[in-house]
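Hi everyone, thanks for coming. Please have a look at the sequence and the structure on the screen, and then I'll walk you through a few spots.

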Amino acid sequence: MTRRGFLVGGAVLFITGCTRKATTSADQVGYRSAIPPYQGSKRTGAAAGGIWYSVAPGDTLSSIARRSAVDVTVIARANGLSGPQLQPGSRLWLPGASTMAEDALTQGDGPDVDDPDAPLRPHPGTYDLVKREEWTTARIKGNNYLMGGVDRITVHHTGEHPGMEGIPEIEVIQRIERYHRDERHWAAIGYHYLVGKTGKVYEGRPVKYQGAHVSGANEHNLGISVIGDFMHQLPNPEQLGALKAFLTDSRNRFSVAKGRVYGHRELGKSVCPGDALFAWVTAYRA
Ligand SMILES: [Zn+2]
């Protein structure tokens with residue numbers, strides 16, 4: 001990224017190698033936020049209700065947990081289970097679940113541990129939300145604009161920041177935030193969310209604030225960056241599943257049509273989010 005933002009007579013001016021655009025409007029600051037409350041990810045079981053499931057031979061507590069995206073401890077508690085033994089034919093209540101995925105992950109997914117304390121691997125198509133407070137104590141600086149509602153979503157990859165490969169993802173996010181805050185003098189990290197490689201979705205700049213992720217096109221634009229460089233390859237299945245689930249949740253949250261999901265390169269002079277991920281984005285919204 002080569003763009004610079006600075007204050008000119010109260011307006012934030014963003015300059016990139018090829019675009020030059022003032023992205024301010026004092027009247028936006030007066031907007032009342034039109035952001036609905038966050039409904040939670042599928043994996044936290046925030047959805048109301050649940051489903052009954054008949055235990056099949058070969059099922060384990062963890063395989064059912066994985067397929068329903070409900071934590072083993074939640075299933076155990078809801079059904080009064082004291083151990084991992086399941087009786088085929090018995091019925092289990094799966095709080096918050098809506099569907100059972102096919103168990104495509106059984107092979108190559110590591111040991112099938114039935115210890116309720118064992119960490120669950122995220123299931124493709126779901127994600128865990130990591131709040132901003134979990135990776136930084138830095139406050140949002142005052143030079144921000146309120147979002148005033150979201151009507152489009154832009155997908156990025158962190159590959160647009162050189163030298164981020166192979167670094168732990170929390171540190172990737174902290175480095176990008178430092179770069180945006182301290183060198184660009186922005187209010188906070190430019191993206192609203194970042195999707196990690198194991199199904200975590202990190203909150204970046206709170207969505208009540210306009211982001212700084214597409215020069216000249218940040219208004220009402222939710223910025224989601226996928227951690228990695230996706231010029232030549234797609235994210236791994238867990239990461240791609242998390243992106244897809246999070247895009248769906250975000251579109252529902254803000255009532256954004258599929259056709260309003262963009263790759264950065266469509267709105268700004270950039271190759272972001274890489275050829276491979278951009279092809280996925282165009283297929284996703286088709
Ligand atoms: Zn980008």
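Which strand does Val195 lie in? Val195 is part of strand E8. Before I go further, remember that we're looking at a predicted model.

Okay, so is Val195 buried or exposed? Val195 is buried, because its relative accessible area is 0% and the cut-off for buried is under 20%. Now look at what surrounds Val195. Leaving aside neighbours within four places in sequence, Val195 is in contact with Lys200, Val201, Ile224, Ser225, Val226, Ile227, Gln239, Ala242 and Leu243. Take Ala242 from that list: Val195 and Ala242 are 47 residues apart along the chain, yet their C-alpha atoms are separated by 7.2 Å.

Let's step along to Lys197, which is in the loop between E8 and E9. Lys197 counts as partly exposed, because its relative accessibility is 34%. If we again skip neighbours within four places in sequence, Lys197 has contacts that include Glu169, Phe230 and Asn236. With Asn236 the sequence gap is 39 residues, and the two C-alpha atoms are separated by 7.0 Å.

Now zoom out to the whole chain. How many helices and strands does the chain have? There are seven helices and 11 strands. Of the 286 residues, 49% count as buried. The chain exposes about 13,500 Å², and carbon and sulfur atoms supply 52% of that. And here's a number that goes with our two lysine and valine examples: among contacts between residues at least 6 apart in sequence, 71% join residues at least 24 apart.

Next, the inside. Which residues touch the most other members of the largest nonpolar core? That core has 26 residues, and the answer is Leu222, Ile224, Leu243, Leu247, Leu277 and Trp280. Strands E7 (152-157), E8 and E10, along with helices H5 (237-254) and H7, each supply at least two residues of this core. H5 gives the most, with seven residues. To get a feel for one member, click on Leu222: not counting residues up to four places away in sequence, Leu222 touches a list that includes Met147, Ile153, Tyr193, Val207 and Phe254. There's also a second, separate core of 13 residues, with Tyr53, Leu61, Ile75 and Leu86 among them.

Let's stay with H5 and H7 for a minute. Their axes come within 13 Å and cross at roughly 40°. That angle is why we call H5 oblique to H7. The crossing is right-handed. Which residues of H5 meet H7? From H5 we have Leu240, Leu243, Lys244, Leu247, Thr248 and Arg251, and they meet Leu277, Trp280 and Tyr284 in H7. If the spacing of those numbers catches your eye, here's a handy rule: an α-helix has 3.6 residues a turn, so residues three or four places apart point the same way.

The buried residues of H7 are Ala276, Leu277, Phe278, Trp280, Val281 and Tyr284. Besides H5, the buried residues of H7 pack against E7, E10, strand E11 (261-263) and H6.

Now compare that with helix H2, residues 61-68. How many of the residues of H2 are buried? Eight of its eight, so to speak, which leaves H2 mostly covered because each counts as under the 20% cut-off. The buried residues of H2 include Arg66 and Arg67 as well as Leu61 and Ile64. They pack against strand E4 (50-54), helix H3 (72-78) and strand E5 (91-95). Just after H2, Ala69 takes a positive phi of about 60°.

That brings me to the backbone oddities. Most residues other than glycine have a negative phi, and most peptide bonds are trans. His185 has a positive phi of about 60° without being a glycine, and it is in the loop between helix H4 (169-183) and strand E8 (193-195). His220 also has a positive phi, near 55°. You'll find His220 in the loop between strand E9 (200-203) and strand E10 (221-226). His220 is buried, because its relative accessible area is 17%.

Last stop: which peptide bond is cis, with omega near 5°? The one from Cys272 to Pro273. Pro273 is found in the loop between helix H6 (264-267) and helix H7 (275-285).

That's my tour, thanks for listening!

Conventions:
Residues numbered from 1 in each chain as written. Predicted model: local features only at pLDDT ≥ 70, side-chain atom pairs only at ≥ 80, totals over all residues. Heavy atoms only, no water. Helix = DSSP H or I, 4+ residues; strand = E, 2+ residues; numbered from the N terminus. Buried < 20%, exposed > 50% of the residue type's maximum accessible area, 1.4 Å probe, protein only. Core = buried A, V, L, I, M, F, W, Y, C linked by side-chain atoms within 4.5 Å. Contact = heavy atoms within 4.5 Å. Areas by Shrake-Rupley, 256 points an atom, 1.4 Å probe, with all protein chains shown as cover. Axes fitted to C-alpha atoms, helices over the stretch in contact; angles between N-to-C directions. Parallel < 35°, antiparallel > 145°, perpendicular 65-115°, else oblique. Left-handed = near helix turned anticlockwise from the far one by under 90°.
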